[in-house]
Number of protein chains: 2
Amino acid sequence: MTRSNGEAAHDDIRVAVSTVIFSLRHGGEDLPSVVLPLVRRTRDPHAGQWALPGGWLDVSENLEAAASRTLAETTALTPSYLEQLYVFGDVGRSPSRVVSIVYWALVREDVASTPLPEDENVAWFDTADLPELAFDHRSIIEYALWRLRNKVGYSRIAHGLLPDLFTLAELREVYEAIGGKRLDPANFRRQVEGSGTLIPTREFRTGSHRPARLYRYNHDVELADRGPLPR
Amino acid sequence: MTRSNGEAAHDDIRVAVSTVIFSLRHGGEDLPSVVLPLVRRTRDPHAGQWALPGGWLDVSENLEAAASRTLAETTALTPSYLEQLYVFGDVGRSPSRVVSIVYWALVREDVASTPLPEDENVAWFDTADLPELAFDHRSIIEYALWRLRNKVGYSRIAHGLLPDLFTLAELREVYEAIGGKRLDPANFRRQVEGSGTLIPTREFRTGSHRPARLYRYNHDVELADRGPLPR
DNA sequence: GCAAAAGTGTTTAACATACACCCATGG
DNA sequence: CCATGGGTGTATGTTAAACACTTTTGC
């Protein structure tokens, strides 16, 4: 059961932690795309293929801490939202027995656009145009996307993709990008204003047309209700 | 892989699988209670206290299979619904490092009322009146209850607590027991009839008053949308 | 002034809720 | 025939959606 030196007996179960990190990227005139960072594997199995950032769980490290640590080590990113997604542990998903505890995270677009570490083995990908992926990571990403789209409907996680100050149009764009369809500006405004999650400021964003009021997120309201989970 | 000095045996991470199993139990005139089976621990840590049924994950066993197996071994129950709940893996939750993959399950009331194995170390408890529990199992149950109550609102899992044939009043009682409040029979009927999840039969349940039509669950509609999760 | 986005108002439909009412059965 | 739960009808209020309209800026 006990491993002596990392090699040897693989008849035990190893615990890994990975994270699906979502952010947005503005393209041309279209809606922004949902993007995520991937890491190219340097060793077998699946050497050369892209995979979710992650690593082994440390014996004296909490699960969420492991997610944050491996995230920082591989991508140098700090998420504004982090939540457990699912555990994948089927026997056949890796040559040796690995139980992968997968988290998902949101990163603000301004944070995500700071350059990645000087490493051609880390890169951002459009979720609509993913490369070939190692292990079962493709279906993990599909599931995380499904959760993201679901959760955006009944919680306020969209704010996790925006900086402190934002216009209603910017917030709407987030919902539109995740949902994949345009929303009525008038109805969107009423909905979000009535929810008590926004604090209007006295500042305005001046552009090529009528200036738009800047809003701040009301942190008294939780981003997402996770129920009675220990934090 | 890091390993602190000395302390040979329990120095690695062990993976356990536990299950929160819900069922209903009819009392007197009141609403049925939500009940769950617990197992009394026979060894340390927490010897003598009640705990969730579970066991160690086998090296060549899928996660869901481990949940089913440990369930059958300790309680001899077969669930009608089984879903992953959460992974609890904080460093301090057990003397040695244990990552617990917790599932939650539903058992039909008629199945749950077959007697438990001849063993005074397994028993059903009302969720509103739990004994002292081992580890962090109390908060795990709280979380599972929260998930149950939530999910019953947007999916059809209530059927998992009923036998094949049931009246609308019986189905309504399930919702009332889980939600903890009475529902309008007329509106409940319309809601559930309009959802396309019920197939009316030609049979009736005859009791002390006007006979009630028996319904069957429409298995074309999934109990719960779990998204693109591999099954 | 014109284009375009910000922001307001109004109409409509869908839906949940509340509750009045009739129906069918055992006693 | 009456008590009781099964089952139907209907009025009311809340909410989402669709869209017409006014406001404010850059050019």
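Visitor: Where is His46(A) found?

Guide: In this predicted model, His46(A) is found in the loop between S2 and S3 of chain A.

Visitor: What is phi of His46(A) near?

Guide: Phi of His46(A) is near 65°, which is a positive value in a residue other than glycine. As background, most residues other than glycine have a negative phi, and most peptide bonds are trans.

Visitor: Speaking of peptide bonds, which residues does a cis peptide bond join in chain A?

Guide: In chain A a cis peptide bond joins Asp44(A) and Pro45(A), with omega about 0°, and Pro45(A) lies in the loop between strand S2 (33-40) and strand S3 (50-51) of chain A.

Visitor: And which residues does a cis peptide bond join in chain B?

Guide: In chain B, Asp44(B) and Pro45(B) are joined by a cis peptide bond with omega about 0°, and Pro45(B) has its place in the loop between strand S2 (33-40) and strand S3 (50-51) of chain B.

Visitor: OK, new topic: how many residues of chain A are in contact with chain B?

Guide: There are 34 residues of chain A in contact with 34 residues of chain B, and the area buried between the two chains is about 3,300 Å², with carbon and sulfur atoms giving 62% of that area. The size of an interface is often given as the accessible area lost when the parts come together.

Visitor: How many salt bridges does the rule find across that interface?

Guide: Across the interface of chain A and chain B the rule finds zero salt bridges, although eight residue pairs between the chains are in polar contact, both residues being at pLDDT 80 or more.

Visitor: Which elements of chain A give two or more residues to the side that touches chain B?

Guide: Those elements are strand S5 (81-88), strand S6 (98-106) and helix H3 (137-154) of chain A, and S5(A) gives the most, with four residues. Sorted by class, that side of chain A has 18 nonpolar, six polar and ten charged residues.

Visitor: Now the DNA: how many residues surround DNA strand D, and which are the closest?

Guide: DNA strand D is surrounded by 19 residues, and the closest are Asn187(A), Ser208(A), Arg210(A), Arg189(B) and His209(B). Of the atoms of DNA strand D that come within 4 Å of the protein, sugar and phosphate account for 62%.

Visitor: What does a polar side-chain atom of Asn187(A) lie 2.9 Å from?

Guide: That atom of Asn187(A) lies 2.9 Å from a base nitrogen of DNA strand D, and an N or O atom in the side chain of Arg210(B) is 3.1 Å from a base nitrogen of the strand. Ser208(A) takes part through its backbone, where a polar atom is 2.8 Å from a sugar or linking oxygen of DNA strand D.

Visitor: Which elements each supply at least two residues of the surface near DNA strand D?

Guide: From chain A there is helix H5 (185-194), and from chain B there are helix H4 (168-179), helix H5 (185-193) and strand S10 (212-217). The classes on that surface are six nonpolar, five polar and eight charged residues.

Visitor: And which residues come nearest to DNA strand C?

Guide: Of the 19 residues around DNA strand C, the ones that come nearest are Arg189(A), Asn187(B), Ser208(B), Arg210(B) and Pro211(B). Sugar or phosphate makes up 58% of the atoms of DNA strand C within 4 Å of the protein, and the rest belong to bases.

Visitor: What does a polar side-chain atom of Arg189(A) lie 2.8 Å from?

Guide: For Arg189(A) the partner is a phosphate oxygen of DNA strand C. Bases take part too, since a base oxygen of the strand is 3.0 Å from an N or O atom in the side chain of Arg190(A), and a polar side-chain atom of Arg210(B) lies 2.8 Å from a base oxygen of DNA strand C.

Visitor: Last thing, how many bridges join strand S9 to S10(A)?

Guide: Five bridges join strand S9 (residues 198-205) of chain A to S10(A), and the two run antiparallel, with Arg205(A) having Ala212(A) as its bridge partner in S10(A). S9(A) and S10(A) form a hairpin with six residues between them.

Key. Residues numbered from 1 in each chain as written. Chains lettered and ligands numbered in written order. Predicted model: local features only at pLDDT ≥ 70, side-chain atom pairs only at ≥ 80, totals over all residues. Heavy atoms only, no water. Near = heavy atom within 4 Å. Polar contact = N/O pair within 3.5 Å; in protein donor to acceptor, adjacent residues only side chain to side chain. Nonpolar A, V, L, I, M, F, W, Y, C, P; charged D, E, K, R; others polar. Contact = heavy atoms within 4.5 Å. Buried area = accessible area lost by both parts, 1.4 Å probe. Salt bridge = Lys/Arg side-chain N within 4 Å of Asp/Glu carboxyl O. Pairing = 2+ DSSP bridges.
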